[in-house]
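Me: Please take a close look at one part of this model for me, the nonpolar patch on its surface, and then set it beside the other features that can be described. I would like a connected account that I can follow with the structure open.

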Protein chains: 2
Amino acid sequence: MTEEMQKIYEKLIFYFETRKFADLRMTVLDMEPADIALFMENNLDEKNMLVFFRLLPKELASDVFVETETDTQEYLIKAFTDKELKEVISDMFLDDTVDLIEEMPANVIKRILSSASASERATINQLLAYPEDSAGSIMTTEFISFSANLTVEEAFEKIRLTGLNKEIIYTCYVTNARKKLLGVVTVKDMLLANKTDLIENVMTTSVITVETLEDKEQVALKFSKYGFIALPVIDKEGCLVGIVTVDDAVEVIQEEATEDIQKMAGVLPNEKPYLKQSVFSLWKARAPWLILLLIASTFTSMILSGYEQKLSAVLYAFVPMLMGAAGNAGGQASVTVIRAIAVGDVEFKDIFKVILKELLASVFVGVTIAIVCFGKIMLFDRLYNDIQIKTATVISLVCFISIVVAKFIGCTLPLVAKKIKLDPAVVASPLMTTIVDALSLVIYCSIAIAVV
Amino acid sequence: MTEEMQKIYEKLIFYFETRKFADLRMTVLDMEPADIALFMENNLDEKNMLVFFRLLPKELASDVFVETETDTQEYLIKAFTDKELKEVISDMFLDDTVDLIEEMPANVIKRILSSASASERATINQLLAYPEDSAGSIMTTEFISFSANLTVEEAFEKIRLTGLNKEIIYTCYVTNARKKLLGVVTVKDMLLANKTDLIENVMTTSVITVETLEDKEQVALKFSKYGFIALPVIDKEGCLVGIVTVDDAVEVIQEEATEDIQKMAGVLPNEKPYLKQSVFSLWKARAPWLILLLIASTFTSMILSGYEQKLSAVLYAFVPMLMGAAGNAGGQASVTVIRAIAVGDVEFKDIFKVILKELLASVFVGVTIAIVCFGKIMLFDRLYNDIQIKTATVISLVCFISIVVAKFIGCTLPLVAKKIKLDPAVVASPLMTTIVDALSLVIYCSIAIAVV
């Protein structure tokens with residue numbers, strides 16, 4: 001937090017404690033809703049949060065509410081009077097209301113729905129019906145649309161009359177009577193046109209759209225590709241049903257990256273901020289993968305036990321190094337490919353290009369590491385252990401082979417996973433490492449025993 | 001790619017090959033620059049790319065140019081006549097020109113600069129002087145500013161006159177004669193106000209700003225926190241020097257996530273799309289960490305060698321499993337904390353909260369895994385190996401201790417790294433795993449030998 005913000009927060013606490021509510025209201029009027037929400041949650045207990053919230057100017061209240069954490073929202077709703085709840089809900093954008101409903105327990109949902117108007121309720125139910133990760137689930141239905149025969153001046157008038165309650169007013173949509181999307185017109189286009197121009201002559205007819213059921217990750221990629229501030233969402237008939245705004249896309253991009261990172265590290269995804277996660281939820285997110293990987297590691301134990309009699313202690317001592325090198329090499333390839341899939345750089349059809357590239361890279365990397373490995377053993381490990389040149393050669397050779405194999409597996413697994421509709425990030429690091437561990441061990445043991 | 005886009009691409013190829021250039025121009029006019037750039041790069045060789053580029057309508061050319069990859073840009077610039085280059089450069093936004101210059105070899109830069117006007121050159125040089133990851137390096141200097149005593153109508157007139165060449169016209173900035181930032185006014189505010197209102201009565205005076213030297217990652221976090229479409233960049237005197245737009249923030253968020261993911265996997269960051277990376281650059285990005293980790297693994301070899309005489313083959317066989325469990329557990333903690341730092345959920349001052357949470361979680365996770373481990377050994381591993389209950393108990397106990405230690409190290413390392421201005425992501429997975437590997441091995445060997 002900046003010093004400046006710290007000072008404002010201290011001022012707020014002072015006004016609140018000394019009951020200087022007029023000053024308090026003046027101060028929050030100059031603040032962003034996200035900062036007010038942070039202030040409440042970090043400085044006030046629940047009861048005082050409610051008192052503070054009731055002091056907020058009406059036009060700010062629902063914006064602040066939207067920015068608070070789920071548990072704060074739940075507490076506030078339960079404490080609200082029916083009238084208060086109705087005011088907050090009616091001031092919220094419908095997509096935010098839907099997000100809220102998705103997080104709340106059943107009894108709270110009931111209260112929320114009963115405080116919405118009949119038409120709002122209809123839209124909410126419709127939005128709730130879209131699959132969790134679809135464009136429909138993150139869109140808002142509050143956008144501005146015109147018919148094509150309006151003049152620019154009339155269109156501006158419509159924006160003035162209806163724009164206050166819309167999330168984005170700078171990109172407007174042109175539809176016919178059956179809501180079919182005909183074109184898009186930006187306020188910039190309109191400002192640069194003549195007042196008497198018809199919208200149909202100002203609008204762009206080739207519109208980049210997304211479909212209601214499109215994956216929200218794909219939608220976010222379209223934002224990063226085209227740099228728009230809003231994208232229209234159409235149904236199968238080409239009718240405009242909503243828009244996705246760039247702030248939602250930013251959120252999706254952050255969340256998806258977090259999710260992928262969590263999965264790569266063998267953590268089940270959790271959307272809550274770290275400090276808000278309970279110890280129990282950390283346990284729930286982490287134990288399953290650790291258990292799975294522990295059981296999977298039975299393979300390595302079995303392999304090592306199988307070779308028990310034949311592997312000398314000297315050779316044993318290099319097992320962790322070799323498994324580490326193979327695991328890390330494979331991880332580099334898998335994580336690179338997983339990310340390339342996520343940002344849309346690579347598709348399944350590129351699999352042969354990817355394999356070729358990785359094979360070539362793995363040969364170079366493998367040779368480099370094998371040389372370093374050989375040098376390290378000869379110059380360093382021999383200081384404290386009796387190692388023959390032949391042994392060093394075998395270890396370096398296995399290092400090379402393991403790296404090539406690991407990179408091959410690391411780059412193919414995510415692409416194959418994507419193809420068969422599994423999550424590429426899930427097959428990444430830990431699971432891939434276990435496979436590569438076992439493989440490199442088999443390679444090592446068999447070559448070592450045959451040669452040394 | 002969508003089917004629809006595929007069809008458009010086929011049409012373009014047909015028009016291009018049959019020299020139906022009028023149809024070609026009509027088709028591209030309806031397309032997004034990013035899609036035209038993709039078409040050129042995926043379907044045409046260099047010579048034809050140049051021919052195609054010259055066919056583009058003038059108003060599209062520079063937009064398409066900006067969207068092409070670095071090597072395409074370099075080729076095109078080298079092939080351009082001076083006049084062509086001048087046209088493209090003068091139509092580009094200055095921040096894009098700066099990005100371009102940062103990627104080009106010296107001789108190309110010289111040509112670019114000589115084709116810019118003197119005032120453009122001055123701004124470019126100023127922008128180039130900002131540190132690589134600063135807000136200054138991603139901002140654009142093309143924004144709309146008013147003085148406070150304009151009326152709304154006059155302000156609209158100014159937008160009409162100057163807005164065509166500005167990246168964002170919907171957020172305008174109010175400055176005094178010395179360029180000091182006084183406030184911000186959106187086109188929405190202006191549309192909803194009266195034409196005769198003074199800007200100073202419409203503007204918001206409490207403005208969220210960023211400073212020129214602020215880390216671009218922090219800037220991106222402000223976008224995701226507040227949901228703006230542009231943020232003003234001010235210098236130390238509070239003067240407005242530029243703006244950062246949300247599309248740049250989206251790019252930063254994507255890039256930073258990719259970078260963190262690469263670092264966590266021990267890959268040196270590389271901004272190029274995967275398929276554009278040469279085998280050599282893959283080698284360069286991956287070999288260094290593998291070498292480092294290989295050398296670091298000398299510790300594990302040394303430790304194992306040190307206990308060589310005393311550790312039975314049965315105990316040896318569980319080494320990979322234990323190291324794997326500890327490494328994975330530590331990785332879960334470190335990656336979670338690294339991501340929490342990156343998205344701004346956690347700071348160094350939270351370190352004790354984090355440690356407490358992780359210790360508690362690690363005890364739960366550790367107990368769970370120890371129980372599963374014990375069960376697995378008793379029920380399964382005993383089928384193919386002679387293991388005493390005492391041995392199974394020791395292994396499970398070591399599993400528990402290693403997990404607690406690993407999670408402690410995993411959560412503290414990134415926070416300490418952040419504090420001493422190192423990159424948290426770099427100290428993550430592979431390096432952390434090596435430390436944890438060595439530690440868990442020492443714990444295992446010493447306990448196992450003392451007890452079994």
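Reply: In this predicted model, F299(A), M302(A), L379(B), F380(B) and L383(B) together make a nonpolar surface patch of about 560 Å². Two helices each supply at least two residues of this patch, namely α18 of chain A, which covers residues 298-306, and α21 of chain B, which covers residues 351-384. The largest share, three residues, comes from α21(B). One residue to look at in that helix is F380(B), which lies in α21 of chain B. Its relative accessibility is 36%, and F380(B) therefore counts as partly exposed, since that class lies between the limits of under 20% for buried and over 50% for exposed.

A second surface patch is one of negative charge, where D63(A), E67(A), D99(A), E102(A), E103(A), E132(A), E251(A) and E271(A) gather. The elements of chain A that give two or more residues to this negative patch are α5, residues 58-67, and α8, residues 94-103. Of these, α8(A) provides the largest share, with three residues. E251(A), another member of the patch, is placed in helix α16 of chain A, which runs over residues 246-264. With a relative accessibility of 45%, E251(A) is also classed as partly exposed.

Turning from the patches to the strands of chain B, one finds β6(B), residues 240-245, mostly covered, with six of its six residues buried. Its pairing with strand β5(B), residues 230-234, is antiparallel and extends over five bridges, and within β6(B) it is I243(B) that stands opposite P232(B). The hairpin of β5(B) and β6(B) has five residues between the strands, and in this hairpin G238(B) takes a positive phi near 80°.

Chain B also holds an open sheet of three strands in the order β1-β2-β3, with mixed pairing. Both β1(B), residues 145-146, and β3(B), residues 181-186, stand at the edges with a single partner strand each, so that one side of each is left without a neighbour in the sheet. The strands β1(B) and β2(B), the latter formed by residues 171-175, run parallel and are joined by two bridges. Opposite F146(B) stands V174(B), which belongs to β2(B).

Notes
Residues numbered from 1 in each chain as written. Chains lettered and ligands numbered in written order. Predicted model: local features only at pLDDT ≥ 70, side-chain atom pairs only at ≥ 80, totals over all residues. Heavy atoms only, no water. Patch = residues over 30% accessible without salt bridge, like charges linked within 9 Å, V, L, I, M, F, W, Y side chains within 5 Å. Areas by Shrake-Rupley, 256 points an atom, 1.4 Å probe, with all protein chains shown as cover. Salt bridge = Lys/Arg side-chain N within 4 Å of Asp/Glu carboxyl O. Lys, Arg positive; Asp, Glu negative; His and termini not counted. Charge placed at Lys NZ, Arg CZ, Asp CG, Glu CD. Helix = DSSP H or I, 4+ residues; strand = E, 2+ residues; numbered from the N terminus. Buried < 20%, exposed > 50% of the residue type's maximum accessible area, 1.4 Å probe, protein only. Pairing = 2+ DSSP bridges.
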